Amino acid sequence: MTVSSENASEKPGPQHVAIIMDGNGRWAKKRGKLRVSGHRAGIKSVRSSVSFAIKNQIQSLTLYAFSSENWNRPEQEVHSLMELFVFALDNEVKSLHKHNVRLSVIGDISRFSPRLQERIRRGQVLTANNTGLQLNIAANYGGRWDITHSVKQVIAQVQRGELSAEDVSEQDISRHISLHDQPPIDLVIRTGGEHRISNFLLWQVAYAEFYFTEVLWPDFDENAFSDAVTSFTQRERRFGGTTPDDQSEQAPGGNVA
Ligand code: IPE
Ligand code: IPE
Ligand code: MG
């Protein structure tokens with residue numbers, strides 16, 4: 001389904017949406033199943049999110065699949081998740097390519113098995129020239145890792161004499177941060193009812209809008225995505241400024257100050 005734009009006062013939809021796909025374990029538990037079956041069921045929600053993003057002209061969709069802290073889970077669950085990533089890449093990449101989707105993985109993939117790294121590389125190479133939806137999968141990703149990684153590159157520039165330490169600016173850090181070549185994140189959705197960022201795109205969400213829903217990730221469908229976008233389009237984003245109405249504000253006495 002597409003988001004209605006009947007209301008002329010509604011603002012444009014988001015160009016870049018990031019999703020913290022949470023709640024798979026609880027979804028499975030509610031059904032008396034193993035946590036891994038929740039992760040498996042979550043693949044369907046990834047498919048419908050991609051499909052919704054394509055239909056609604058969202059330029060970039062960034063999905064949090066595995067955080068740098070998720071290694072703390074029981075070995076069996078981590079193993080199942082890794083197997084599931086390989087399985088999902090093997091099964092979905094062809095269809096993504098057919099739909100003109102460009103796939104990128106962000107995060108430190110060097111800790112993954114050579115087999116998984118090879119699947120990631122192949123998926124990225126196959127879809128590299130596609131011009132439709134940009135789909136980013138955050139895997140072994142952490143916002144602190146991302147910032148640290150960028151700062152290291154800036155330090156290397158300083159050491160090579162390309163930049164002086166006093167001149168280091170926000171732009172220099174931004175230039176080396178994941179997703180720097182894509183539109184800024186407009187909307188972050190977190191499913192599963194928790195109200196936290198869990199080390200997701202810390203730098204990039206400086207002015208993003210947040211949408212939290214109780215819906216568990218395997219139940220997140222196109223209607224649920226549409227509700228999030230509708231909420232986004234009704235918000236007033238000020239970026240530290242004022243609203244257009246405030247610009248012509250009258251002083252209490254009636255005169256413009
Ligand atoms: C999110 O679901 C998937 C990953 C973090 C890989 P969870 O596995 O965190 O599910 P809950 O939060 O325990 O329900
Ligand atoms: C965040 O979910 C990470 C992903 C969705 C990949 P978690 O379930 O790991 O987050 P916490 O532990 O509840 O903060
Ligand atoms: Mg969770």
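The legends below describe close-up views of two pockets and one ligand in a predicted model.

**View 1. The largest pocket of the predicted model and the residues around its centre.** The largest pocket holds about 1100 Å³ of space. Its lining is made up of 47 residues, and of these Met21, Val46, Tyr64, Ala65 and Phe85 are the closest to the centre of the pocket. By class, 27 residues of this lining are nonpolar, whereas eleven are polar and nine are charged.

**View 2. Helices and strands that contribute to the lining of the largest pocket.** Among the helices, α1 (24-30), α2 (35-55), α3 (75-98) and α4 (114-127) each supply at least two residues of the lining. The strands β2 (60-67), β3 (102-106) and β4 (134-141) likewise each supply at least two residues of the lining of this pocket.

**View 3. Ligand 1 in the largest pocket, with its surrounding shell of residues.** Ligand 1 sits in the largest pocket, where 13 residues are found around it and Asp22, Gly25, Arg26, Arg35 and Arg73 come nearest. The helices α1, α2 and α3 each supply at least two residues of this shell, and the largest share, three residues, comes from α1. Divided by class, the shell around ligand 1 has three nonpolar, five polar and five charged residues, while the lining of the largest pocket as a whole has 27 nonpolar, eleven polar and nine charged residues.

**View 4. Polar contacts from Gly25, Arg26 and Arg73 to oxygen atoms of ligand 1.** From Gly25, the contact is made through the backbone, with an N or O atom that lies 2.9 Å from an oxygen atom of ligand 1. From Arg26, a polar side-chain atom lies 2.7 Å from an oxygen atom of the ligand, and a polar side-chain atom of Arg73 also lies 2.7 Å from an oxygen atom of ligand 1. Taken alone, ligand 1 exposes 380 Å², and 87% of that area is buried by the protein.

**View 5. The second largest pocket and the residues around its centre.** About 310 Å³ of space lies in the second largest pocket. This pocket is lined by 18 residues, of which Pro183, Pro184, Ile185, Trp203 and Gln204 are the closest to its centre. The lining of the second largest pocket comprises ten nonpolar residues, together with six polar and two charged ones.

Notes: Residues are numbered from 1 along each chain as its sequence is written. Chains are lettered from A and ligands numbered from 1 in the order in which they are written. This is a predicted model: local features need pLDDT of at least 70, side-chain atom pairs count only at pLDDT 80 or more; totals for chains, interfaces and linings use all residues. Side-chain values use heavy atoms; hydrogens and water are left out. On a 1 Å grid over the protein atoms alone, a cavity is a set of points where a 1.4 Å probe fits but cannot get out, and a pocket is an open set with protein on both sides within 12 Å along at least five of seven lines; lining residues have an atom within 4 Å of a point. Grid points are joined across faces, edges and corners, and a volume is the space filled by probe spheres set on the points. Helices (H or I, at least four residues) and strands (E, at least two) are DSSP runs, numbered from the N terminus. Ala, Val, Leu, Ile, Met, Phe, Trp, Tyr, Cys and Pro count as nonpolar, Asp, Glu, Lys and Arg as charged, and the others, Gly among them, as polar. A residue is near a molecule or strand if one of its heavy atoms lies within 4 Å of it. A polar contact is a pair of N or O atoms within 3.5 Å; within protein, one must be able to donate a hydrogen and the other to accept it, and residues adjacent in sequence count only if both atoms are side-chain atoms. Accessible areas come from the Shrake-Rupley method with a 1.4 Å probe; for residues, only the protein chains shown count as cover. A molecule sits in a cavity or pocket if more than half of its atoms lie within 2 Å of its grid points.
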